[in-house]
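Reader: Could you walk me through this model? I would like to put some short questions as we go.

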Amino acid sequence: MGKRFNSTGVCVSQKHYMVDISNKIEQIKKLIDNEFYFTINRPRQYGKTTTLNEINNKLKELYLVINISFEGIGDIVFEDEKKFCNKFLKLIIKELSFVDKEEKERLEKLNLEINDIEELSEVITRFVEGAEKDVVLIVDEVDKSSNNQLFLSFIGMLRNKYLSREVGKDFTFKSVILAGVHDVKSLKIKIRNENEAKYNSPWNIAVDFNIDMSFSPKEIITMLNEYAIENSLLMDIDKLSEELHFFTSGYPFLVSRLCQIVDEKIYEFDKEPWTIKDIHKAVKIILEEKNTLFDSLIKNLENNKELYDYIEDIIVRGNVKSFNNDNPLIELGYLYGYFENKDGKVNISNRIFSERIYNYMISKLENDYNKTGICLGQ
Ligand SMILES: Nc1ncnc2c1ncn2[C@@H]1O[C@H](COP(=O)(O)OP(=O)(O)OP(=O)(O)O)[C@@H](O)[C@H]1O
Ligand SMILES: [Mg+2]
């Protein structure tokens with residue numbers, strides 16, 4: 001089976017045309033080699049899971065990598081400490097059954113009857129101490145339950161183990177990577193008593209993760225090259241990559257989706273060299289189609305009137321606003337991937353978002369127009 005462009009979930013190189021992200025993986029490897037703990041928090045469909053999978057592939061010979069996800073773990077598990085601890089170990093055991101059968105069996109033997117986080121901590125100590133290689137823990141979709149007290153106690157435990165390890169008094173994961181949309185570092189645990197005060201910011205041991213996960217025009221070239229070679233097409237890849245970047249600012253899903261539209265909709269039957277006009281046609285199509293990224297964009301705007309009004313002010317009325325990270329609304333828009341800081345001003349992060357939001361807001365204004373007779377722009 002030939003390769004295709006993918007816009008639904010994780011990309012794997014055997015099946016999908018992919019942007020070569022080895023440069024980013026190399027930078028992330030350095031953080032892991034340095035035994036750092038960190039969070040990869042990036043907007044929806046920004047290539048987090050794909051990146052984690054690539055890290056896993058790159059490091060699996062060197063380290064014992066445990067790559068799990070809290071996706072679908074269920075809220076009930078997070079309501080009960082014992083249930084959570086056992087579920088966490090079960091996820092690890094399941095993962096190890098694909099990675100290293102011997103280590104899986106060793107963990108199963110250590111995992112007798114865990115009642116609380118303290119006992120879970122002991123199991124981790126004994127497992128890591130006896131492991132052949134250094135153990136790296138990756139948890140994807142970590143913010144599925146991050147507003148939960150139990151989750152905060154869990155990362156508090158990881159933090160305490162990290163601090164003890166630093167002074168040679170515990171065995172724990174060499175590196176921990178938590179991935180999700182929200183930043184776990186900024187969460188605050190509810191302080192119930194004096195002793196717990198030290199947990200105030202349970203993830204404050206994490207180093208900043210500043211690696212740009214958007215695709216540069218140069219990186220986009222690598223995916224188009226792969227496509228052109230496989231389909232024996234001669235095309236101006238440099239120009240096409242620049243054009244894709246112009247509309248998407250390198251947002252991974254948007255880049256792949258535009259390519260997929262050109263390949264599967266515009267040249268569905270006869271594969272021909274792409275032109276700049278094809279990219280424009282694909283932009284027109286993406287602006288009208290339903291997809292999960294735009295669904296969550298609209299949902300987030302519908303559910304947050306303040307954010308809606310703020311963006312309406314920028315996009316529809318053309319008002320200029322200063323970028324200030326302490327402003328929670330700007331922070332939220334940035335976290336969702338809607339805003340960027342452009343020369344100190346709030347800018348919509350890419351042309352496709354800008355156009356899609358504009359069309360949607362104008363349509364909503366037309367609802368009001370019908371009701372009140374007020375004209376647009378007044
Ligand atoms: N290396 C890559 N090359 C090409 N496209 C990519 C690459 N990485 C991600 N994408 C595009 O982004 C989409 C989302 O990727 P992925 O599922 O890894 O992101 P995510 O941040 O984990 O998403 P979510 O927030 O929904 O969990 C992919 O379906 C693909 O369209
Ligand atoms: Mg993901």
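Author: What follows is a conversation about a predicted model, taking up some helices, the ligand and a few single residues.

Reader: Let's start with α1. How many residues does helix α1 have, and how far does it reach?

Author: Helix α1 covers residues 22-33, which makes 12 residues, and the path from its first C-alpha to its last is 16 Å, close to the 16 Å expected at 1.5 Å a residue.

Reader: Which residues of α1 are buried?

Author: The buried residues in α1 are K24, I25, I28, K29, L31 and I32. Looking down the axis of α1, these buried residues fall within an arc of 155 degrees, so they line one face of the helix.

Reader: And which exposed residues sit on the face turned away from the buried side of α1?

Author: That face carries N23 and K30, which are exposed.

Reader: What covers the buried residues of α1?

Author: The cover includes the strands β1 (37-41), β3 (135-140) and β4 (175-180), together with the helices α2 (48-59) and α7 (217-230). As for the chain that comes after, α1 is followed by E35, which has a positive phi near 65 degrees.

Reader: Why point out the sign of phi?

Author: Because most residues other than glycine have a negative phi. Q45 is a residue other than glycine with a positive phi, near 55 degrees, and its place is in the loop between β1 and α2. S232 also has a positive phi, near 50 degrees, and is placed in the loop between α7 and α8 (237-248).

Reader: Are Q45 and S232 buried or exposed?

Author: Q45 counts as partly exposed because its relative accessibility is 24%, whereas S232, with a relative accessible area of 67%, is exposed.

Reader: Moving on to α8, what should its 12 residues span?

Author: At 1.5 Å a residue they should span 16 Å, and the end C-alpha atoms of α8 are 16 Å apart, which agrees. Its buried residues are I237, L240, S241, E243, L244, F247 and T248. Viewed down the axis of α8, they fall within an arc of 160 degrees, so they line one face of the helix. Just after α8, S249 takes a positive phi of about 50 degrees.

Reader: Then comes α9. How many of its residues are buried?

Author: Helix α9 runs over residues 252-266 and reaches 20 Å from its first C-alpha to its last, close to the 21 Å expected for its 15 residues. Of those 15 residues 12 are buried, so α9 is largely enclosed by the rest of the structure. Among the buried residues are P252, F253, L254, S256, R257 and D263.

Reader: Now the ligand. Which residues come nearest to ligand 1?

Author: There are 22 residues around ligand 1, and of these N6, G9, K48, T50 and S256 come nearest. S256 is also one of the buried residues of α9.

Reader: Where does the protein backbone approach an oxygen atom of ligand 1?

Author: A backbone N or O atom of G9 lies 2.7 Å from an oxygen atom of ligand 1, a polar backbone atom of Y46 is 3.0 Å from an oxygen atom of the ligand, and for T8 the corresponding distance is 3.5 Å. Taken alone, ligand 1 exposes 630 Å², and the protein buries 95% of that.

Reader: A change of topic: what does L297 touch?

Author: L297 lies in helix α11 (residues 292-302) and, leaving aside residues up to four places away in sequence, touches Y338, R356 and I357. L297 counts as buried because its relative accessibility is 0%.

Reader: And R351, where does that lie, and what does it touch?

Author: R351 lies in helix α14 (residues 351-372), and its contacts, not counting residues up to four places away in sequence, are with F246 and F247. F247 is one of the buried residues of α8, whereas R351 is partly exposed, with a relative accessible area of 45%.

Reader: Last one: what does the side chain of S97 reach?

Author: S97 is found in helix α3 (residues 81-99), and its side chain reaches the backbone oxygen of K94 at 2.5 Å. The C-alpha atoms of S97 and L307 are separated by 45 Å, with their positions 210 residues apart along the chain.

Definitions and conventions:
Residues are numbered from 1 along each chain as its sequence is written. Chains are lettered from A and ligands numbered from 1 in the order in which they are written. This is a predicted model: local features need pLDDT of at least 70, side-chain atom pairs count only at pLDDT 80 or more; totals for chains, interfaces and linings use all residues. Side-chain values use heavy atoms; hydrogens and water are left out. Helices (H or I, at least four residues) and strands (E, at least two) are DSSP runs, numbered from the N terminus. The expected span of a helix is 1.5 Å times one less than its number of residues. Buried means under 20% relative accessible area, exposed over 50%, partly exposed in between (1.4 Å probe, protein chains only). The arc is that of the directions from the helix axis to the C-beta atoms. Contact means heavy atoms within 4.5 Å. A residue is near a molecule or strand if one of its heavy atoms lies within 4 Å of it. A polar contact is a pair of N or O atoms within 3.5 Å; within protein, one must be able to donate a hydrogen and the other to accept it, and residues adjacent in sequence count only if both atoms are side-chain atoms. Accessible areas come from the Shrake-Rupley method with a 1.4 Å probe; for residues, only the protein chains shown count as cover.
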